[in-house]
Amino acid sequence: MSRLLQESASLSSRAPRLIATSATVLLGAGLLRGGLGEIPGAAALTGGLAAAVVFLLLPVGTTAPWWLVAAATGCACGLTRLLGTWCADPAAGFALTASAVLAGVALQSRTSVAEEGDALCWAAAAGLLAAIIPLLLRFLGLNAADPAMLEDPLRNAVFLLGQTWLAAALAAAAAAGAATASFIEPSVVLALGGCALALAAALRLRPWTRGQSQPLRARALTLAPVFCLALASLAPGLMRDVWTARLDAAYPGGRFLFLRDDGARVLAAYEFSIKDRTALRDGVIQSDDIAARLAVRVLAGQRFGLRRMLISRPPTPAAPVDASLIGLSVTLEKGTSSEAATLDALGGPRWREILEAPAPQDKPEAALLFLPRPAPRCERRRWAGAAALRALRARLMEGAPVAVLLPPGVATGEVEAAAREVFGSARTADVGRGVLVVAAPEIETDAERLYSRLPAAARSPDPRVARALAEALRWRPPPTAK
């Protein structure tokens, strides 16, 4: 049943993507047929837009790097214009390009997420296939020249354009395969793109033939690619160096344990010189281990005898490790491969061995969710809606409490309202440098009672421990009834 619910949720989350893509393709074809094709460049731009939108069909949870989307969009613009010229019909060029891209993405849709080396190989293959298409059209055009095509360019279209369509579909499939895990730095892509542009312009203008008539321009065009290459050598590691400077300004010394650009975000694990470790997301410090441990205890104290907890995408191992140390079995919800690697870098290669996993048939009795800092708008909207919380409740035992740990500064009203709608009651508390929204049929806010409900491993005979929990947990007043 849980697998069926997950598949249903995945299908429902992809439905808007399918609708948006289909609507874009149909709208583009309709506009072109309706006269937009007579506007110079409109067909090419629409074809590029269709290629960009099709990346929404990637598996849920993956995001294509911007540079890959930009390259694919540029290729689609060129292919649309080229095929439109071949057919003497901009709409036909758009239809051929859009259908090839759709077919390629559909062909690659069930392929598993690629590793770094595989992704870059797929990207290289996509570029090679795209570069072959002009050569293929040249070969076909020269070897299938027919005077009748001067009046009917679509003569023998199935034979001639079918091969081009297949090459474009294979290129789109390779690009979709590369989109799931590509790690070229955008600063390098930008710098090398500038080098290529300067070199292409210089070669096209042939400055060596203008040495006598335009000596200054000839020298400038000759030196431009050299200067671009020298500037490009400074591009690698741009953001790493910037983040290192910021971290050194906060506390000098330290080193990156892990750093990866997964195409959507740059995730990193960093160790200061004092051996404190932290997680970074796009250069923003994520971990507040004090808030994470408090959230575990507040959630565990919501019901007597709680033994199994689901923890979703924690930024550091602090929450799952603490839950395991106080006697809870932990279901650690899998995030992306980069998130998993960040946790392993922070906790060490064997940190997961201390987690006691529950039996597969046992449902978790509580769930703790983490939102990154700053919280993306899509994540805030997701957990501010009742649908995601209902799907989560279906995975838990009846009456299980749920807590969402948000970064400071995020408005909690919508999340709390959705939690109250689904679970019956919700309260918000400030914990450490985070904000905790707790949802359950009945919520316990008294610190002493919360402490008394914790597993024995979390309790101490020292009364100061209970007082420390009471001081650290600052409940906000409940919303007033309208």
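Here is a short chat about a helix pair and a sheet in this predicted model.

Trainee: What angle do helix H14 and helix H15 pack at?

Mentor: Let's start with where they are: H14 covers residues 386-394 and H15 covers residues 413-423. Their axes lie 9 Å apart, and the packing angle is about 45 degrees. Angles under 35 degrees would count as roughly parallel, and 65 to 115 as roughly perpendicular. That makes H14, relative to H15, oblique, at about 45 degrees.

Trainee: How many charged residues are in the contact of H14 with H15?

Mentor: Look at who meets whom: from H14 come Ala386, Leu389, Arg390 and Arg393, and from H15 come Ala418, Ala419, Glu421, Val422 and Phe423. Sorted by class, the contact has six nonpolar residues and no polar ones, and the number of charged residues is three.

Trainee: On to the sheet. Which strands stand at the edges?

Mentor: Four strands make up an open sheet with antiparallel pairing, in the order S1-S2-S3-S4. An edge strand has a single partner strand, so one of its sides is left without a neighbour in the sheet. That fits S1 (255-261) and S4 (284-285).

Trainee: Which residue in S2 is the bridge partner of leucine 259?

Mentor: S1 pairs with S2 (residues 266-271) in the antiparallel sense, over six bridges. Follow leucine 259 across to S2 and you land on its bridge partner, alanine 268.

Trainee: Which helix lies across S1, S2, S3 and S4?

Mentor: Look for residues 238-250. This helix runs at about 145 degrees to S1, and its name is H9.

How values were computed
Residues are numbered from 1 along each chain as its sequence is written. This is a predicted model: local features need pLDDT of at least 70, side-chain atom pairs count only at pLDDT 80 or more; totals for chains, interfaces and linings use all residues. Side-chain values use heavy atoms; hydrogens and water are left out. Axes are lines fitted to C-alpha atoms, for helices over the stretch in contact, and angles run from 0 to 180 degrees between N-to-C directions. Helices (H or I, at least four residues) and strands (E, at least two) are DSSP runs, numbered from the N terminus. Angles under 35 degrees count as roughly parallel, over 145 as roughly antiparallel, 65 to 115 as roughly perpendicular and the rest as oblique. Contact means heavy atoms within 4.5 Å. Ala, Val, Leu, Ile, Met, Phe, Trp, Tyr, Cys and Pro count as nonpolar, Asp, Glu, Lys and Arg as charged, and the others, Gly among them, as polar. Two strands pair if DSSP finds at least two bridges between them.
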